[in-house]
Amino acid sequence: MSALNPGFLQALKEALALYPTPFYAYDWTRVREGVERLKRAFPKARLFYALKANPRLGLLRRLRALGLGAEAVSLGEVLRAYRAGFLPEEVLWNGPVKTEEALKALQASPPLVVLDSEGDLLRVARLLPGAKVLLRVNPDLPVATHPHLATGRGESQFGVLPEEVPRLLALARERGLRVLGLHLHLGSKLEDPRDFLEGYRVLEGLFPEVGPVEVLDLGGGFGLGLDLKALREAMEALARLYGAEVFLEPGRYLVAQAGVLVARVVGWKRTRRNYLLLEAGMTTLLRPALYGAFHPVLPLYEGEGEEVYDLAGPACEAGDVLARGVALPPPKEGDALAFLEAGAYGASMALSYLDTPRPLELLWTGEGFEVLRRREPLEALWEGEA
Ligand code: LLP
C-alpha cells in the first residue's frame, strides 16, 4: 500500500470538518516528487504531462511552472491547456479523431499534432497547413496490461503500422507539414520494462528507412512500480541513433499516488454479502467498475476489531462496488474512508450519470488546502436543457 505523507493524512482528517464529502484530495508535494523522480531518471527528456489523468487548472499551472508541457487528446483538453498558460508549442495533440470543427478551432494557435492515420494526416494538412507534426507508430506489440489500456497492440485503433511509416512520412512532407519525428505510446499501467524495450526496438528497426529526426516521443504508460532505470540506457541509445530529442507523456505516474477519494459511510446491510453503503460509487470513481481496478482503502476513523465488507455506492447497478472483501474496523454512520491511488483517472473520469454532481477537488500544498474545483452545483446538471 502506498503510504500517505503523514502531514497530508492529518490534513485529510481535518478537511472532513471543513468540506462537503465526497471529495478528491491531492498532495502536491507528492506530485512534485514524482516530477523530480522522472527528471532524474530521464534527464534529457522533455516531459509533456498527459492531462487526461487529472486536468485541474490549478494542477496544470503548477506543473507548467516546473517546466512540463501538456499532452492533450481533444479540443477541450488543448483549450484547457492554453487556459492554464501553456503555449501552443508546449502542447501535444494526440488521438485518432480530430474533427474539422476541432482543427478549425485551433487554426489561430495550432499545437504540435500527432498524426494517427492517413486520413488524419490529410485533414491536418488541409486545415492546419504547415503544422508541426509527429507520426504515431503502432508497434503491434502484445503489451502486458488490461486489454482496454493496451493501445500498442496491432488490433488497436491507434497509430499506423510500422510498414506504413516511410510512405506516410513522405506524404506528410509532400503535403507541407513540418515533420518533427515519430511517436510511440504502448499502453497504460505498464509494469514490465521489457514492453518498453521492445517498443524502442520497433523504432530502432525503422531507422534505416526513416533516417534522423528531431523528436522521438516515447509516450507515457509508466506503471507505479516500473523500474525506470531499466529504460534509460535503451532510451538514450535510441535518441542517439536518431539524433533526436526525447519527449515523454507521463500521466498516472505523476498523480496517481498523490490523490485519494474520501467518502463517508451512510449505512450497512447484509444480503448474501456484508455491505457498507457509501455516499460515492462508480459515478465518482469509475475505475473499479470499468477495469476491475483495485484501490486500497484506508479508514479515516478509529474503531475496535475488524469485519470484512464489500463497499457499495449509490447507483442502481450491481457493479457499483468500489472494493470487495475489505477488512475494516466497523464504522459508525458518517465515518469516512479514503480510497488510495485515486489521483489519476479518478475525478477526470467522474460521471454525472444518475444526476450525480462531480465532486469537490482539493489540493494540499504542504501548508493547507486549496480548492481546485468546487463541487458541481446540482443546477448545473440540468442547465442547458429546454
Ligand atoms: N500518451 C497517450 C497517447 C495516451 O493515450 C496516454 C493514456 C498517456 C500518454 C498517458 O498514460 P499514463 O502515463 O497515464 O499511463 N483511464 C485509464 C487509463 C487510460 C490511459 C489512456 N491513455 C485508467 O483509469 O487506468
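These exercises work through a predicted model, one region at a time.

Residues are numbered from 1 along each chain as its sequence is written. In this predicted model, local features need pLDDT of at least 70, side-chain atom pairs count only at pLDDT 80 or more, and totals for chains, interfaces and linings use all residues.

**Exercise 1. Describe how the chain is divided and how the parts meet.**

Step 1. Find the parts. The protein chain splits into domain 1 (6–25 + 256–374) and domain 2 (28–252). These bounds come from an automatic or database domain assignment.

Step 2. Locate them. The C-alpha centres of domain 1 and domain 2 are 32 Å apart.

Step 3. Look at the contact. Domain 1 gives 17 residues and domain 2 gives 16 residues. Two residues are in contact if their C-beta atoms, placed from the backbone, lie within 7 Å.

Step 4. Name the elements. On the side of domain 1 that touches domain 2, strand 16 (360–364) and strand 17 (369–373) give two or more residues. Helices (H or I, at least four residues) and strands (E, at least two) are DSSP runs, numbered from the N terminus.

Step 5. Sort by class. That side of domain 1 has nine nonpolar, five polar and three charged residues. Ala, Val, Leu, Ile, Met, Phe, Trp, Tyr, Cys and Pro count as nonpolar, Asp, Glu, Lys and Arg as charged, and the others, Gly among them, as polar.

**Exercise 2. Describe the shell around the ligand.**

Step 1. Pick out the nearest residues. Of the 23 residues around the ligand, Ala-50, Ser-188, Gly-220, Gly-251 and Tyr-345 come nearest. A residue is near if its C-beta atom, placed from the backbone, lies within 6 Å of the molecule.

Step 2. Sort the shell. It holds ten nonpolar, eight polar and five charged residues.

Step 3. Trace where the shell comes from. Domain 1 and domain 2 each supply at least three residues. Helix 10 (252–255) and helix 11 (287–291) each supply at least two.

**Exercise 3. Classify Tyr-291, Thr-151 and Cys-316 as buried, partly exposed or exposed.**

Step 1. Learn the rule. A residue is buried if 20 or more other C-beta atoms lie within 10 Å of its own, exposed if 12 or fewer, and partly exposed in between; C-beta atoms are placed from the backbone.

Step 2. Take Tyr-291, in helix 11. Tyr-291 is partly exposed, because 16 other C-beta atoms lie within 10 Å. Leaving out residues up to four places away in sequence, Tyr-291 touches His-146 and His-148.

Step 3. Take Thr-151, in the loop between strand 6 (132–136) and helix 7 (165–174). Thr-151 has 21 C-beta neighbours inside 10 Å, so Thr-151 counts as buried. Beyond four places in sequence, its contacts include Ser-156, Phe-158 and His-185.

Step 4. Take Cys-316, in the loop between strand 13 (307–312) and strand 14 (321–328). Cys-316 is exposed, because it has 6 other C-beta atoms within 10 Å. An unreviewed UniProt entry places the feature "active site" at Cys-316. Such annotations use the numbering given here, have shortened feature names, and may be inferred rather than shown by experiment.

**Exercise 4. Describe the largest nonpolar core.**

Step 1. Define it. A nonpolar core is a set of buried Ala, Val, Leu, Ile, Met, Phe, Trp, Tyr and Cys residues joined through C-beta atoms within 7 Å.

Step 2. Find its best-connected members. Of the 105 residues in the largest nonpolar core, Ala-25, Val-133 and Leu-135 touch the most other members.

Step 3. Find the main contributor. Strand 10 (residues 259–270) gives the most to this core, with five residues.

Step 4. Check the domains. Domain 1 and domain 2 each give this core at least three residues.
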